[in-house]
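Hi,

Here is the structure I promised to pass on to you. Have a look at it first, and then read my notes underneath.

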Amino acid sequence: MKRRYILISLICLICPLAGMAQEPDTSRPRQPREVVEPEVRARQMADEMQVKLELDQKQYKKIYKLFLREEKERSQTRPDPGRQGPPPGGRREGGPPPDRNREFSADRPQTRRGIDPEQMQKAIEEKNKKIKKILTDEQYEKWSSLEKEKERKKLPWELKEGE
């Protein structure tokens with residue numbers, strides 16, 4: 001009886017491993033991510049703020065222009081959307097394999113998408129100052145609380161522990 005339980009336990013442990021050893025399905029090519037035009041994205045963000053903060057037409061136009069400028073800058077710094085990255089297996093055609101053992105410089109700041117975190121923080125602060133000039137005090141407070149709530153939803157495991 002004891003042998004039967006051990007045998008069943010081993011089968012239950014080994015079967016999932018066999019499924020994980022399968023190669024990923026490469027028969028269907030990976031679809032590139034849809035790239036939203038800067039004008040569309042800026043309009044969506046401005047519309048969302050108009051609904052949530054009850055912006056008047058003058059404020060809406062200023063917010064839209066701010067977001068449009070920001071999105072155009074962002075779209076220029078993004079990599080080519082048609083490029084899909086290396087094929088499965090990690091090797092690119094025609095070149096040597098990537099150097100996985102290279103050492104990173106300690107003086108180089110950690111970056112996300114090639115942007116310096118300090119530079120990113122400055123850009124966010126500038127944007128917030130511009131938004132504060134456009135909105136009333138009440139609208140700005142409401143907008144700030146909405147932004148903080150968005151951050152909590154993005155990183156719930158980090159923020160809830162520290163609260």
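Below is what I found, going from the whole chain down to single residues.

Please keep in mind that this is a predicted model. The secondary structure of the protein comes to 6 helices and 0 strands, so if you follow the chain from the N terminus you will read α-α-α-α-α-α. Of its 163 residues, 15% count as buried. The accessible surface is about 14900 Å², and carbon and sulfur atoms hold 52% of that area. If you take the contacts with a separation of 6 or more, 59% of them are between residues 24 or more positions apart.

Next, the interior. The largest nonpolar core has 17 residues, and the members that touch the most others are Met49, Ile63, Phe67, Ile131, Leu135 and Trp143. Two or more residues of this core come from each of helix 2 (38-53), helix 3 (57-77), helix 4 (117-134) and helix 5 (137-154). Helix 3 gives the most, with 6 residues. A good place to start looking is Ile63: leaving aside residues up to four places away in sequence, Ile63 touches Ala46, Met49, Leu55, Ile131, Ile134 and Leu135.

Then there is the pair formed by helix 2 and helix 5. Their axes come within 10 Å and cross at roughly 120°, and the crossing is right-handed. On the helix 2 side, the residues in contact are Glu48, Met49, Lys52 and Leu53, while helix 5 brings Gln139, Lys142, Trp143, Leu146 and Lys150. By type, the residues of this contact divide into 4 nonpolar, 1 polar and 4 charged. You will recognise Met49 and Trp143 from the core, where both are among the residues that touch the most other members.

One last residue to look up is Val35, which lies in the loop between helix 1 (2-20) and helix 2. Is Val35 buried or exposed? Neither label fits: Val35 counts as partly exposed because its relative accessibility is 44%, and that class runs between the 20% limit for buried and the 50% limit for exposed. You can also find Ser75 from there: Val35 and Ser75 are 40 residues apart along the chain, and their C-alpha atoms are separated by 9.3 Å.

Happy browsing, and write back with any questions.

Best wishes

Terms used: Residues numbered from 1 in each chain as written. Predicted model: local features only at pLDDT ≥ 70, side-chain atom pairs only at ≥ 80, totals over all residues. Heavy atoms only, no water. Core = buried A, V, L, I, M, F, W, Y, C linked by side-chain atoms within 4.5 Å. Buried < 20%, exposed > 50% of the residue type's maximum accessible area, 1.4 Å probe, protein only. Helix = DSSP H or I, 4+ residues; strand = E, 2+ residues; numbered from the N terminus. Contact = heavy atoms within 4.5 Å. Axes fitted to C-alpha atoms, helices over the stretch in contact; angles between N-to-C directions. Left-handed = near helix turned anticlockwise from the far one by under 90°. Nonpolar A, V, L, I, M, F, W, Y, C, P; charged D, E, K, R; others polar. Areas by Shrake-Rupley, 256 points an atom, 1.4 Å probe, with all protein chains shown as cover.
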